[in-house]
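Please look through the structure shown here before reading on. The briefing that follows describes one chain, then its contacts with its neighbours, and then the nonpolar cores.

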Amino acid sequence: MACGVTADRGIAAARGDRVSARVESPIVSLRDVRRDYALGAERVHALQGVTLDVERGDYVAIVGPSGCGKSTLLNLIGVIDQPTSGTVAIAGRRVDAMSDREATQFRLRNIGFVFQRFYLLPILSALENVALPMAEAKVSKAVRIERAAELLRYVGLGNRERHRPSELSGGEQQRVAIARALANGPTLLLADEPTGELDARTGAEIISLFQRLNADGTTIVVVTHDEDLASASRRKVHIRDGRVVDA
Amino acid sequence: MFAFLLASLLVQGSSSVGGAPATAVERQPRTIAIDETLAARAHLKVGDRVSISALPGTIGDTVIVGAIVRRGADPSEVARGDLRVRMHLDQIQRIAGYGDRVDRFAIATTPAADIPRLIDRINRVAFGFNAYRSRDIAVETSRTFQVVSRFHRAIGIITIVASSVFLLCIMVLKVEERRRDIAALRLMGISRATVVRSIVMEAAVVAVLGSALGVALGWAASLFVNWHYQALYRTPLEFSMVTPATVVFAVSLSLVLGIAAGVVASLRLVRTPPLVLFGR
Amino acid sequence: MRAALAQASLIRHRARTVLAVLGVAVAAAMLLDMVMLATGMRESFRELLLSRGFEIRLAPKGTLPFDTDATIPGVGAITATLRANPDIREISPVLGASIHILAGNRDVSGSALGIDPSVQGDYELLSGRDVTTPDAIVANDHLLSQLGARVGDTLSVAAGYDPQTRTYSGQRKLVVTGRARFIYGAADQSSSAMRRETLEAMGGQARDRASLFMVRVRKGANAEQVRDWIDKQLPNVTAISIATAIAQVDERLSYFRQLALILGAVSLFVGFLLVTTLVTVSVNERAGEIAVMRAIGVSRSHVVEQIVLEGVAISFGGAVLGLALGLVTARYLNTILSAFPGLPMAIDFFLFQPKAAWSALGLLIASGIGAGIYPAWRAASLPIAESLRREAIA
């Protein structure tokens, strides 16, 4: 039932990147992954046998209509959900059957998450929000403050450290969220509709930031409706009705 | 005097009857009545023979327990550990060496009697004693009970104040939980007054239902309290009474407090701009 | 970081936090008062009994000291019997009686204790001299103010009054030599003391009798053993050790202990309920935040810790405020109960005992922890993806 991955070759070919995903072992590897939910009396098959690889340094956009299973797929890659069947491996490690504790630790050190609604803690400043994952990883206070400040400068918010989320614009909040996602130097950056709540101009700034991150070596997987964001990626993966379809 | 006698009550039980020498005066043992507490403590029953004297260590009169009586509902007696005995007057006068004396006379009057005039007449001709109305004496001697009443009232007031704070706290929390719903209603155009009215009505319904449950619980607790303390102190005194007045008071008060808490909680929220309630 | 998060969360909802702290404070105050009530009488009474160092009291058979008008005959013989026990250090026989003091055409009634001043344990001399001479009397301020008398004045004191003939018996002139505080006296009691022989002589009939003996045992001796010995040697008196006296008073006033237990339990429960409600509402509001924290890698236990810390902070703040509030209400309630007729002034119904108080407040704080754990754990255990989806829809 699994379909092979059909990459969008346009952008990749223009850049001269590899189109084959098999020179070295992929950073993300899904094999025949299914995810079912109970919704009232019904059973929803959110994913129906997805097989997918993401190479190190890749920038993949997962696109598809609403309810096709994009976010579900991202959640499985991000180890915040577990498949009903099939296997998921991140950086060579099986993550589909991890205990809650193992999954939490894994996410802390290997995955950076960016959400559509930013989800910054309103009671913390921008600096404190970025430092939060490092505090959890037991990084010393001095080091995490310094690194958080560095990350905020990287995303262009060096002068907004002390501001609370309520004092930042949507674009600024999303940049803080991206900095937070990078706090522990993750293997993988995942973003679920990162420009969904932003206007076009601000969205473009975020798209540009993602491109810079990828150029600096970060492996990125985004889920998006935004055509501009999808076009900025190196590869598109189309999902429909819980399946990866040919482009 | 009674107390003095009680201090010296010796209980020897029926087995010693044969050995106790009959006094010259007593040939046929007379009867006494004892209270329930004494009967329980000394394991006495009707028909038992005991020896009663005014001094410890002396042989007294042999008497028979003729009756076991329950004390009257006198609150001032409740906490005391007295053991009560009723005897024929001439016998106790003789045993205690009291002679032809008593501590008091109790006078029952006819329904038509003019009590104040009667008291006045007695006091004018009395030599060495005074007459009082029984209920005036009762008031004087029930100071203990008055203190306990005041204490209960104070505890009641503190409980009401405390409950009001708790109620307000919980109401504010629960209403705040629904602030997004309230914000959505306001954005739709529902007026503040309507929102407040609906919350207050909800609070009133909860208050009424809570009061009904509370009254039922209070009544059950009252039954238990009376059962427990009547058994403990062996008294028919009612320690707790749920009267119509107390029910009306309790229900009214909880209704007022519940509605007030609802008003305060809802006003807090409707005064906040809806978008702020949404967290924007 | 977790403490900072908890603090920030509490400050974010100031009104709610203040109300919750107030609610817990009221619960803490009531709990503290009930703990003070449950143990106060007993400890206060024990301290009173021990204040002068007499561990055993002898009363007429079957009575408590001064419960009745009964007296014990043969003071000399009893004293001699008691002295035979090497564990007994001091014996203080006390005779109690009512007296009438004639002040002009007024008759002021009071109580009098006939004592031996060298071993007495019933009063503290505040000023003047003790009753070292047969015609001396010491009185408390209440009696002196009723009489309008001072130290040095001579009083006409009678031991008996016949209402039939309206005559006084056992009259004597006594000089007020000192002011005293009667340890076992009630606040509104007119109390006095004189030598026992003087009171006996005034009483006429009651010779060589005492209402009470107070016995002090040797240091290191076992008071209960001495009490048992006295019981065997003197079957016509009731020997009461402090433990027995306290047990008997406990029994009479058991109602207050039971009330204290019930109200204390209710207070603890309400405090628990408040914190649970607060934490539940708080986590329900922050379901999305909690899911995000879990998504970025914060462990479940750390999320729970942060939430529970909020509950602990409220409980702690409430406990501190409740301590102050409780002490104030306890004083007020104690004033009410101190009006019990015949209650010694020195008895407090509400006694602050640090150990009991800290235990009670500690229990409240612990219940605050418990109250926060379940809702926090439930919130932190919700499936992350599900919570995020629900938040997105909301």
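**Chain C and its surroundings**

In chain C, which has 394 residues, 45% of the residues are buried. The model is a predicted one, and the points below are grouped by topic.

**Overall build of chain C**

- Chain C contains 12 helices together with 14 strands.
- The radius of gyration of chain C is 31 Å, whereas the globule rule gives 21 Å for 394 residues, and because the value for chain C is well over that figure, the chain is more spread out than a compact globule.
- Taken along the principal axes, the box filled by the C-alpha atoms of chain C comes to roughly 100 × 50 × 35 Å.
- Among the contacts in chain C with a separation of 6 or more, 82% are between residues that lie 24 or more positions apart.

**Where chain C meets chain A**

- This contact draws 19 residues from chain C and 20 residues from chain A.
- On the side of chain C that touches chain A, at least two residues each are supplied by helix H1 (2-12), helix H9 (287-295), helix H10 (300-337) and helix H12 (384-393) of chain C.
- H9(C) provides the largest share of that side of chain C, namely 5 residues.
- Sorted by character, the residues on the side of chain C that touches chain A are 10 nonpolar, 5 polar and 4 charged.

**Where chain B meets chain C**

- Here the contact involves 30 residues from chain B and 34 residues from chain C.
- On the side of chain B that touches chain C, the elements giving two or more residues are helix H1 (2-7) and helix H7 (143-177) of chain B.
- The largest share of this side of chain B comes from H7(B), which contributes 18 residues.
- The residues on the side of chain B that touches chain C comprise 20 nonpolar, 5 polar and 5 charged.

**Nonpolar cores**

- The largest nonpolar core has 163 residues, and those touching the most other members are Ile62(A), Val130(A), Val221(A), Ala28(C), Leu31(C) and Leu274(C).
- Helix H2 of chain C, which covers residues 14-50, gives the most to this core, with 21 residues.
- When its neighbours within four places in sequence are left aside, Leu274(C) is in contact with Phe166(B), Cys169(B) and Ile170(B), and also with Ala20(C), Gly23(C), Val24(C) and Ala27(C).
- A second core, separate from the largest one, has 49 residues, including Leu95(C), Val138(C), Leu155(C) and Leu212(C).

Key. Residues are numbered from 1 along each chain as its sequence is written. Chains are lettered from A and ligands numbered from 1 in the order in which they are written. This is a predicted model: local features need pLDDT of at least 70, side-chain atom pairs count only at pLDDT 80 or more; totals for chains, interfaces and linings use all residues. Two residues are in contact if their C-beta atoms, placed from the backbone, lie within 7 Å. Helices (H or I, at least four residues) and strands (E, at least two) are DSSP runs, numbered from the N terminus. Ala, Val, Leu, Ile, Met, Phe, Trp, Tyr, Cys and Pro count as nonpolar, Asp, Glu, Lys and Arg as charged, and the others, Gly among them, as polar. A nonpolar core is a set of buried Ala, Val, Leu, Ile, Met, Phe, Trp, Tyr and Cys residues joined through C-beta atoms within 7 Å. A residue is buried if 20 or more other C-beta atoms lie within 10 Å of its own, exposed if 12 or fewer, and partly exposed in between; C-beta atoms are placed from the backbone. The radius of gyration is taken over C-alpha atoms; the globule rule is 2.2 Å times the number of residues to the power 0.38.
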